[in-house]
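Here's a walk through one model, from its overall layout down to a few odd backbone spots. Have the sequence and the 3D view open as you read.

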Amino acid sequence: MSRAPLRVAVLGAGTVGREVVRGLLEHPERLCATDGAPLVLTGIACRNLARARADGIPADLLTDAPAHLVAAPDTDVVVELMGGDEPARTLIAAALGAGKPVVTANKHVVAHHGPDLEAVARRAGVAFRFEAAVAGGIPILGPLASDLAANSVRRVRGIVNGTSNYILSAMTHDGRSYAAILADAQALGYAETDPAGDVEGDDAVNKLVILARLAFGHWLGPGSIGRRPPSVRGWGRPGIVGVTGIELEAAAQLGLTIKLLATAIPSRGGIAAAVLPSAVPADGPFGQTDGVTNRIEIEAEPLGTVGLAGPGAGGAATSSAVLGDLMAVARGLTSTWAGLAPATDPAGSAADPLDDPRRWYAFVPAAGMASPLPAHAAQRNRAVITELGTGTAIRTQTLNLEEARAIVAPILPEGVDVTLYPIDD
Ligand SMILES: NC(=O)c1ccc[n+]([C@@H]2O[C@H](COP(=O)([O-])OP(=O)(O)OC[C@H]3O[C@@H](n4cnc5c(N)ncnc54)[C@H](OP(=O)(O)O)[C@@H]3O)[C@@H](O)[C@H]2O)c1
């Protein structure tokens, strides 16, 4: 017996919204599972209607009143692709509260309001799905909640921000400065006019909050997740902002490269989580992840390690995850957390993974060095010192942060500071 169509309202007709609309209009048969209802697009909300029409969005479906579209009796399911905090959060909560399933790609809203939205969805007994919010087209949340549900997750690690990875890759391979490559990335559409959310790590923090919810059952407060690497005298600049070409060049001579890694690990009864530029083996899976590609690794028991890599952004790739979630709703499946227990410790604080001893990489440019560090001192201090033409590279053994700072401090003149990058292999 054929099922009644599910009437879909899409909020947002931008990079992702346009592709989702295209999929719904051009491939209705592909989007109808044998055990699911057909999907029918009934409305699209945006602000600039003229531009949306010029982009080929059918005029009779367009409205600039998203709240009306959510409340309309002929809207069965809402797809939120506007982005930002408000009005997206209110519209999602209103739809869920009214018993209408919601699909979103909005990592900011899910990370910042996850505990409340999970509570509303569970109370109303409706599906809240957000696969597209992490790593665009890469299926990662569904597998964590379903296929890997029999495991105990030991660690989640990932390169989850394409913009910052594009910049670091280009700095490494082209040898050009951060500023020059950022300008190129903006011209190519890989970076926003205001790139802070990407390059300072907030976007990756949001994704890590969502990954940790699925992997460990807790919502972490985004503000509690560190995104500044330590430096010898304090803390460096957030995300990749402080990474220099000369540090990358020296790292390459040691077989390392620097990537912005988001990591969450159960630790001391909580979750240790951070988004930090980290030194990784250049020939390893993370080191080989270049450009806008994302890669996420899950280490779990009994599984071992599984890695997923692919397009972490872009309208077409992200629409794959949004449309997949819509098909799941049409098949009567529940929320992204599937059969996992309700989150405990809503919006708890992340622990600091840098509290645990680890290996460190630092590079002191020749111009900034107070005096060379003698080899015997290096040995005594448990570090490998490599003199390069441009300065001195230091790789420590497993040390806590204060011990690592004490090794590099003697060669830094007054007023000079360098970043200590965790080595993550
Ligand atoms: N782009 C990606 O690669 C990607 C990947 C994964 C996840 N996401 C997430 O997907 C969401 C959408 O991203 P996007 O790149 O498609 O954004 P975008 O290109 O900026 O498009 C946003 C759309 O929402 C509409 N909109 C915004 N505020 C509105 C309001 N108050 N009322 C009505 N319409 C409003 C905009 O309308 P006007 O243009 O008419 O103002 C536009 O059509 C975000 O949450 C983003 O984080 C994006």
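The C-alpha centres of domain 1 and domain 2 lie 30 Å apart. Where the two touch, domain 1 puts in seven residues and domain 2 puts in eight; two residues are in contact if their C-beta atoms, placed from the backbone, lie within 7 Å. On the domain 1 side of that contact you get three nonpolar, three polar and one charged residues. For these classes, Ala, Val, Leu, Ile, Met, Phe, Trp, Tyr, Cys and Pro count as nonpolar, Asp, Glu, Lys and Arg as charged, and the others, Gly among them, as polar. The full division of the protein chain is domain 1 (6–129), domain 2 (151–310) and domain 3 (360–422), with bounds from an automatic or database domain assignment.

A quick note on the model: it is predicted, so local features need pLDDT of at least 70, side-chain atom pairs count only at pLDDT 80 or more, and totals for chains, interfaces and linings use all residues. Residues are numbered from 1 along each chain as its sequence is written.

On the whole chain, the C-alpha atoms fill a box of roughly 80 × 45 × 30 Å along the principal axes. The radius of gyration is 23 Å, which agrees with the value near 22 Å for a compact globule of 425 residues; it is taken over C-alpha atoms, and the globule rule is 2.2 Å times the number of residues to the power 0.38. Buried residues make up 48% of the 425 residues. Here, buried means that 20 or more other C-beta atoms lie within 10 Å of a residue's own, exposed means 12 or fewer, and partly exposed is in between, with C-beta atoms placed from the backbone. Of the contacts with a separation of 6 or more, 74% link residues 24 or more positions apart.

The protein chain has 14 helices and 17 strands. These are DSSP runs numbered from the N terminus: helices are H or I with at least four residues, strands are E with at least two. Two strands pair if DSSP finds at least two bridges between them. One open sheet has six strands in the order 3-2-1-4-5-6, with parallel pairing. Its edge strands, strand 3 (62–63) and strand 6 (128–129), each pair on one side only.

Strand 14 (residues 360–365) is largely enclosed by the rest of the structure, because five of its six residues are buried. A few strand pairs, side by side:

| Strand pair | Sense | Bridges |
|---|---|---|
| Strand 14 and strand 16 (residues 391–396) | antiparallel | five bridges |
| Strand 14 and strand 17 (residues 421–422) | antiparallel | two bridges |
| Strand 5 (residues 102–104) and strand 6 | parallel | two bridges |

Phe363 stands opposite Ala393 in strand 16, while Tyr361 has Tyr421 in strand 17 as its bridge partner.

What about the ligand? Of the 23 residues around it, Gly12, Gly14, Asn48, Gly83 and Ala313 come nearest; a residue counts as near if its C-beta atom, placed from the backbone, lies within 6 Å. The shell splits into 11 nonpolar, 10 polar and two charged residues. Helix 1 (residues 15–26) gives the most to that shell, with three residues.

Finally, the backbone oddities. A cis peptide bond joins Glu86 and Pro87, with omega about 5°, and Pro87 lies in the loop between strand 4 (77–80) and helix 4 (88–97). Arg268 is not a glycine, yet has a positive phi of about 45°. Arg268 is exposed, with 9 other C-beta atoms within 10 Å.
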